[in-house]
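Here's a quick tour of a protein model, written for someone who likes to see which side chains meet which. Have a look at the structure first, then read on.

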Amino acid sequence: CSATPNYAIERSLGVLGGTFLINRDEIFDYAKKKFHTEPDYPWVKFPNYAVLRHNGNGKWYGLIMNVLRTKLGLSGKEVSI
């Protein structure tokens with residue numbers, strides 16, 4: 001691929017022109033390919049909230065959760081971030 005490294009990352013994450021077009025499954029696929037990690041779902045109360053952990057020390061490097069769109073200044077009900 002002749003794309004620059006940054007563009008390749010943005011393209012793989014769906015970030016174009018400041019618009020995020022990515023969903024949680026794409027993030028999980030990227031984390032699996034790039035970092036060899038799988039999502040962990042540590043909270044019974046929030047079964048859709050996922051944590052991505054560093055393989056070596058178990059520390060989080062990512063959190064995927066649902067947030068009310070109004071908290072982000074958007075219209076609608078929820079968005080995964």
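## Around P39 and its neighbours

Leaving aside neighbours within four places in sequence, P39 is in contact with F28, A50, V51 and L52. Keep in mind that this is a predicted model. P39 itself sits in the loop that runs between helix 2 (24-35) and strand 3 (50-53). Is P39 buried, partly exposed or exposed? At 22% relative accessibility P39 counts as partly exposed, since the buried class stops at under 20%. There's a further link through space: P39 and I64 are 25 residues apart in sequence, yet their C-alpha atoms are 9.0 Å apart.

H36 is found in that loop between helix 2 and strand 3 too. The backbone is worth a glance here, as H36 has a positive phi of about 60° although it is not a glycine. With 60% relative accessibility, H36 counts as exposed, because the exposed class begins at over 50%.

## Charged pairs

Side chains of opposite charge can pair when their charged atoms come close. How many salt bridges turn up in a search of the whole structure? The search finds two. Here they are side by side.

| Salt bridge | N to O distance |
|---|---|
| K32 and E38 | 3.2 Å |
| D40 and R53 | 2.9 Å |

The D40 and R53 pair links distant parts of the chain: D40 is in the loop between helix 2 and strand 3, R53 is in strand 3, and they are 13 residues apart. As for exposure, D40 is partly exposed with a relative accessible area of 29%, and R53 is partly exposed with 29% as well. In the K32 and E38 bridge, K32 counts as partly exposed at 46% relative accessibility.

## Rings meeting rings

Now for the aromatics: the structure holds five aromatic pairs. One of them is Y30 with F35, whose ring centres are 6.4 Å apart and whose planes are at 75°, so the pair is edge-to-face. Y30 is partly exposed, at a relative accessible area of 24%, and F35 is partly exposed too, at 40%.

W43 and W60 also form an edge-to-face aromatic pair, with 5.5 Å from centre to centre and 85° between the planes. Which parts of the chain does this pair tie together? W43 lies in the loop between helix 2 and strand 3, while W60 is in strand 4, so the pair ties together parts that are 17 residues apart in sequence. Relative accessibility is 31% for W43, which counts as partly exposed, and 46% for W60, which counts as partly exposed as well.

These two tryptophans belong to a wider group, as ring pairs link W43, F46, Y49 and W60 into a cluster.

## A nonpolar patch on the surface

Some of those ring residues come back in another role. W43, F46, W60 and L63 make a nonpolar surface patch of about 370 Å². L63 is the member to add to the picture here: it's found in strand 4 and counts as partly exposed at 33% relative accessibility. Why can L63 be part of a patch? Patch residues need over 30% relative accessible area, and L63 is at 33%, so L63 clears that cut-off. W43 has 31% relative accessibility, so W43 clears the cut-off too.

## From strand 4 into strand 5

Next along the chain is M65, in the loop between strand 4 (60-64) and strand 5 (66-68). M65 has 25% relative accessibility and counts as partly exposed. What is the C-alpha to C-alpha distance between M65 and V51? These two are 8.8 Å apart in space and 14 residues apart in sequence. V51 has already come up, as one of the contacts of P39.

N66 lies in strand 5. Is N66 buried or exposed? N66 is buried, because its relative accessible area is 18% and the buried class covers values under 20%. The side chain of N66 has a polar partner as well: a polar contact of 3.0 Å joins the side chains of N66 and R24.

Methods. Residues numbered from 1 in each chain as written. Predicted model: local features only at pLDDT ≥ 70, side-chain atom pairs only at ≥ 80, totals over all residues. Heavy atoms only, no water. Helix = DSSP H or I, 4+ residues; strand = E, 2+ residues; numbered from the N terminus. Buried < 20%, exposed > 50% of the residue type's maximum accessible area, 1.4 Å probe, protein only. Contact = heavy atoms within 4.5 Å. Polar contact = N/O pair within 3.5 Å; in protein donor to acceptor, adjacent residues only side chain to side chain. Patch = residues over 30% accessible without salt bridge, like charges linked within 9 Å, V, L, I, M, F, W, Y side chains within 5 Å. Areas by Shrake-Rupley, 256 points an atom, 1.4 Å probe, with all protein chains shown as cover. Salt bridge = Lys/Arg side-chain N within 4 Å of Asp/Glu carboxyl O. Phe/Tyr/Trp six-rings, centres within 6.5 Å; stacked < 30°, edge-to-face > 60°.
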